[in-house]
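Trainee: I would like to learn how to read a ligand site and a metal site. Can we work through an example?

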Amino acid sequence: MSKSYGMNDPAVTDYVYDTCAPEDPILEAVRKRSVSGNLPRIAVGPMDGRHLEVLTRLCSAKNAVEIGTLGGYSAICIARGLAPGGKLYTCELSPAAATVARANFAFAGVSHLVEVLEGPALETLPKLTGRGPFDLVFIDADKPAYPDYCAWATENLKVGGVVIGDNTFAWGLVAAREIEDANDAASAAGMRAFNHKLAFDKRFRATIFPTGEGLTVAVKVSDGREAP
Ligand code: DHB
Ligand code: MG
């Protein structure tokens, strides 16, 4: 391959950050408030947040779902991109994280756009089906369950809707030959199955943005019901 994927040059990364200025004072404060709220420092990066806002705008999303709220950083980015009258439903397992996120939504002025649904997403998502179909589903939760979340997204996205997954390189493990740690192996298996499904399911057209951690983006191109 003559062209590399991604630019592992810190000077180019600085250039992108300086040029796009992806983290305004509100998002910067939200990141800090999540850390001081004792949440792990695993929110999406500033450029991931900008990607999410731009992708939300690109598909004119009005009805969106997020799986894995954490402190609400990515939800704020999606909420900012929603079409007028839009709504984001965000699923969070941890009540402590949901509390921090709700406070961050108020701080960022997006509370009216976002509804936090507490509990295991695989129990919450079936209850959301009646509010669909959806324009955008962003998955950033427990890695082994990505294929299950993807199955729900496949059935509940409109044609033209977008599914996005964070961390889909599994910290390089997607390409590892052998993985010793059982948790790592489960994460890698989840990501491989997720990426493979989106790449091979004829209902989707998929790509993987070469962010540091991998951002899979796929658009639903058909509902699979057309005549054979
Ligand atoms: C982890 C999870 C994430 O979603 C992420 O973006 C970074 C790290 C983690 O579980 O360690
Ligand atoms: Mg993530």
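Trainee: Which residue has a side-chain N or O atom 2.8 Å from an oxygen atom of ligand 1?

Mentor: Keep in mind that this is a predicted model. For a polar contact, look for N or O atoms within 3.5 Å of each other. Here the residue is Asp-140, through its side chain. Lys-143 also contributes a polar side-chain atom, 2.9 Å from a ligand 1 oxygen. Ile-42 takes part through a backbone N or O atom, 3.4 Å from an oxygen of ligand 1.

Trainee: How much of the accessible area of ligand 1 does the protein cover?

Mentor: Ligand 1 on its own has 290 Å² of accessible area, and the protein covers 67% of that. As for location, ligand 1 sits in the largest pocket.

Trainee: Which residues are around ligand 1?

Mentor: The shell consists of Ile-42, Asp-140, Lys-143, Asp-166, Asn-167, Trp-171 and Glu-213. By class, 4 of the shell residues are charged, 2 are nonpolar and 1 is polar.

Trainee: Now the metal. Which residues are the protein donors of the magnesium ion?

Mentor: At a metal, read off the donor atoms and then their spacing in sequence. Asp-140 (OD), Asp-166 (OD) and Asn-167 (OD1) are the protein donors of the magnesium ion, ligand 2, at 2.0 to 2.1 Å. Water is not among the atoms, so the site may look incomplete. The donor spacing along the sequence is D-x25-D-N. Asp-140 lies in the loop between β4 (134-139) and α7 (146-156), while Asn-167, 27 residues apart from it, lies in the loop between β5 (157-166) and α8 (182-200).

Trainee: Where is the cis peptide bond in the backbone?

Mentor: Check omega: the bond from Gly-132 to Pro-133 is cis, with omega near 0°. Pro-133 belongs to the loop between α6 (121-128) and β4.

Trainee: Which residue has a positive phi although it is not a glycine?

Mentor: That is Asn-38, with phi of about 65°. Asn-38 is in the loop between α2 (25-36) and α3 (46-58).

Methods. Residues numbered from 1 in each chain as written. Chains lettered and ligands numbered in written order. Predicted model: local features only at pLDDT ≥ 70, side-chain atom pairs only at ≥ 80, totals over all residues. Heavy atoms only, no water. Near = heavy atom within 4 Å. Polar contact = N/O pair within 3.5 Å; in protein donor to acceptor, adjacent residues only side chain to side chain. Areas by Shrake-Rupley, 256 points an atom, 1.4 Å probe, with all protein chains shown as cover. 1 Å grid on protein atoms, 1.4 Å probe; cavity = no way out; pocket = protein on both sides within 12 Å on 5 of 7 lines; lining within 4 Å. Sits in = over half its atoms within 2 Å of the grid points. Nonpolar A, V, L, I, M, F, W, Y, C, P; charged D, E, K, R; others polar. Donors = N, O, S within 2.8 Å, 3.2 Å for Na, K, Ca; no water. Helix = DSSP H or I, 4+ residues; strand = E, 2+ residues; numbered from the N terminus.
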